[in-house]
Amino acid sequence: MVVPAVLVFSGLLSWLFTWYREPLDAVSANGRFGAQAFDHEGVVLPAYTLFALALGALAGLLIRRTLAAAVVALGVFLAVRIPAESYLRPKYRRPVTLKDVPAESYAGMRGDWRLGDGWVDDAGRSVSNARMREMTTAAPTDLDAYVAYLREHGLHWWVRYQPADRFRYFQLVEAGLYAGLALVLLAVTLERLQRSAA
């Protein structure tokens with residue numbers, strides 16, 4: 001009874017948050033991929049909640065001290081969530097990399113999740129800050145002339161990003177990951193409960 005109630009409540013919160021953030025997502029740089037949006041919109045919030053509930057139940061069963069179990073569950077939750085957000089999420093699909101992106105189209109990539117950008121030379125090596133400072137002081141101040149000057153000197157602007165239309169795919173992958181972990185934890189908890197009752 002607790003699990004369905006938690007899922008319904010977190011689903012309603014997620015729906016409300018999605019509705020509230022819709023105008024903000026339209027103007028923010030990373031759109032719905034921004035951490036404040038991605039973690040609270042769509043289907044991931046109920047999956048995170050289910051995972052946290054399953055962690056708390058198993059920790060409570062094993063430790064049998066409420067405060068200690070809550071601290072352990074929180075620690076494990078963060079130990080899973082932070083690396084997943086930082087290292088796994090950007091790799092759910094291969095990012096798109098563009099080279100020699102015009103400044104105006106780069107500025108217009110609202111809603112896409114930009115993972116990196118910068119200048120590289122003809123061989124694809126990153127340009128050092130010292131070389132960029134040197135080039136910048138000698139370059140014209142007009143943006144288009146500045147970009148043309150850098151290209152004449154063998155420098156190319158690149159952008160790596162996840163397109164905005166992949167948001168639902170990323171949500172489903174991450175929700176599946178946490179729901180799967182939660183189901184495993186709940187199965188272990190039920191098995192331990194049945195064993196202790198026997």
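A salt bridge is taken here as a side-chain nitrogen of Lys or Arg within 4 Å of a carboxyl oxygen of Asp or Glu. In this predicted model, glutamate 174 and arginine 89 meet that description, with their closest N and O atoms 2.7 Å apart. Because glutamate 174 sits in helix H8 (residues 167-197) and arginine 89 in the loop between H4 and strand E1 (96-99), the pair ties together parts that are 85 residues apart in sequence. Glutamate 174 is buried, at a relative accessible area of 0%, and arginine 89 also counts as buried, at 2%.

A second pair can be followed in a similar way. Arginine 81 and aspartate 39 join their side chains in a salt bridge of 3.1 Å, N to O. This pair links distant parts of the chain, with arginine 81 in helix H4 (residues 66-88) and aspartate 39 in the loop between H2 and H3, 42 residues apart. Arginine 81 has a relative accessible area of 10%, so it is buried, given the cut-off of under 20%. Aspartate 39 is buried as well, at 8%. Both pairs belong to one network of salt bridges, in which Asp39, Arg81, Glu85, Arg89 and Glu174 are linked. The model holds 10 salt bridges by this rule.

Another of these bridges lies within a single helix. Glutamate 191 pairs with arginine 195, the closest N and O atoms being 2.5 Å apart. The two residues both lie in helix H8, 4 residues apart, about one turn of the helix. An α-helix has 3.6 residues a turn, so residues three or four places apart point the same way. Here glutamate 191 is partly exposed, at 35% relative accessibility, while arginine 195 is exposed, at 53%.

Helix H1 rewards a look of its own. Its 26 residues (residues 2-27) should span 38 Å at 1.5 Å a residue, and the end C-alpha atoms are indeed 38 Å apart, so the two values agree. H1 nevertheless bends by about 50° at arginine 21, and proline 23 follows within four residues. Arginine 21 is also among the buried residues of H1, together with Ser10, Ser14 and Asp25. The cover over the buried residues of H1 includes helix H2 (35-38) and helix H3 (44-63).

Tryptophan 19, also found in helix H1, is exposed, with a relative accessible area of 56%. This residue joins Trp15, Leu16, Tyr20 and Leu24 in a nonpolar patch on the surface, and together the five have about 630 Å² of accessible area.

Technical notes
Residues numbered from 1 in each chain as written. Predicted model: local features only at pLDDT ≥ 70, side-chain atom pairs only at ≥ 80, totals over all residues. Heavy atoms only, no water. Expected span 1.5 Å × (residues − 1). Bend = angle between axes of the 7 residues up to and from the residue. Buried < 20%, exposed > 50% of the residue type's maximum accessible area, 1.4 Å probe, protein only. Contact = heavy atoms within 4.5 Å. Patch = residues over 30% accessible without salt bridge, like charges linked within 9 Å, V, L, I, M, F, W, Y side chains within 5 Å. Areas by Shrake-Rupley, 256 points an atom, 1.4 Å probe, with all protein chains shown as cover.
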